[in-house]
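Visitor: I would like to take a close look at one part of this model, namely its internal spaces, and then to see how the rest of the chain is arranged around that subject. Please go slowly and say how each term is meant.

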Amino acid sequence: MSVDVPRRIVLLRHAKADWPQVADHERPLAERGRRDAPLAGRRIAEAGLTPELTLCSTALRTRETWKLVVHELPQRPKTVYEERLYDASVGQLIEVLNETSDDITDLLVVGHNPGMHGLADALAGEAEEGARERMTRGAFPTAAFAVVTFSGSWKSVELGCGRLAGFWAPHE
């Protein structure tokens, strides 16, 4: 596949998590999270976003979010549970994206804040009208997702390389 094809990255923050007395990595979804995650999945499907690969943090709340989201998609993408997405900086997230095969045009990443918000903002050198304002106004709430488009190889993903094509949050 040519590396000049348009590519999309869907950056999904996990749904609302509960705060039981467990390690942060093992926090489950709260009831609101179990309601919001399928809404995010339906919105991804309605927007015509068809990820071929999903990279999901290994934290319980991200895995539970993905399980609820994927049931709303028209087809199930390959899923890789990636430990490096948990508590990752923007630079670490870009390193993970740079490892993606150029056979993939649409990628979905299920992760955490501040990483998902920071990555969407950092990659978006440009933005569709109103998208950056919607994303910034709500501080990228749980179960929200941003769509960033770019052209080129995954190895070329870097700060400012893309366009923020959309943003959605469940309680806007």
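Visitor: How many cavities of 30 Å³ or more does the structure hold?

Guide: The structure holds one cavity of 30 Å³ or more, where a cavity is a set of points on a 1 Å grid over the protein atoms alone at which a 1.4 Å probe fits but cannot get out. The model is predicted, with local features needing pLDDT of at least 70 and side-chain atom pairs 80 or more, while totals for chains, interfaces and linings use all residues. Residues are numbered from 1 along each chain, and side-chain values use heavy atoms, without hydrogens or water.

The largest cavity has a volume of about 30 Å³, a volume being the space filled by probe spheres set on the points. Its lining, meaning residues with an atom within 4 Å of a point, is made up of Leu49, Thr50, Pro51, Leu73, Pro74 and Gln75. The largest pocket, in contrast to a closed cavity, is an open set with protein on both sides within 12 Å along at least five of seven lines, and the volume of this pocket is about 150 Å³. Arg13, His14, Lys16, Ala17, Trp19, Asp24, Arg27, Arg61, His112, Asn113 and Thr142 form the lining of the largest pocket.

One of these pocket residues, Asn113, leads to a detail of the backbone, for a cis peptide bond with omega of about 10° joins asparagine 113 to proline 114. Proline 114 itself belongs to the loop that lies between E4 and helix H4 (115-123). A second backbone detail is found at aspartate 87, a residue other than glycine with a positive phi, near 60°; aspartate 87 has its place in the loop between E3 and helix H3 (90-98).

As for the wider architecture, the chain contains five helices and seven strands, both taken as DSSP runs, of at least four residues for helices and at least two for strands. Read from the N terminus, these elements follow one another as β-α-β-α-β-α-β-α-β-α-β-β. Seven strands form an open sheet with mixed pairing in the order E3-E2-E4-E1-E6-E7-E5, two strands being paired if there are at least two bridges between them. Strands E3 (78-82) and E5 (124-127) have a single partner strand each and stand at the edges, so one side of each is left without a neighbour in the sheet.

At the E3 edge, strand E2 (residues 53-57) runs parallel to E3 and is joined to E3 by five bridges, and leucine 55 has valine 80 as its bridge partner in E3. Helix H2 (residues 60-70) packs on this sheet, where H2 touches strands E1 (6-13), E2, E3 and E4 (106-111), contact meaning heavy atoms within 4.5 Å. Along the principal axes, the C-alpha atoms of the chain fill a box of roughly 45 × 30 × 30 Å.

Definitions and conventions: Axes are lines fitted to C-alpha atoms, for helices over the stretch in contact, and angles run from 0 to 180 degrees between N-to-C directions.
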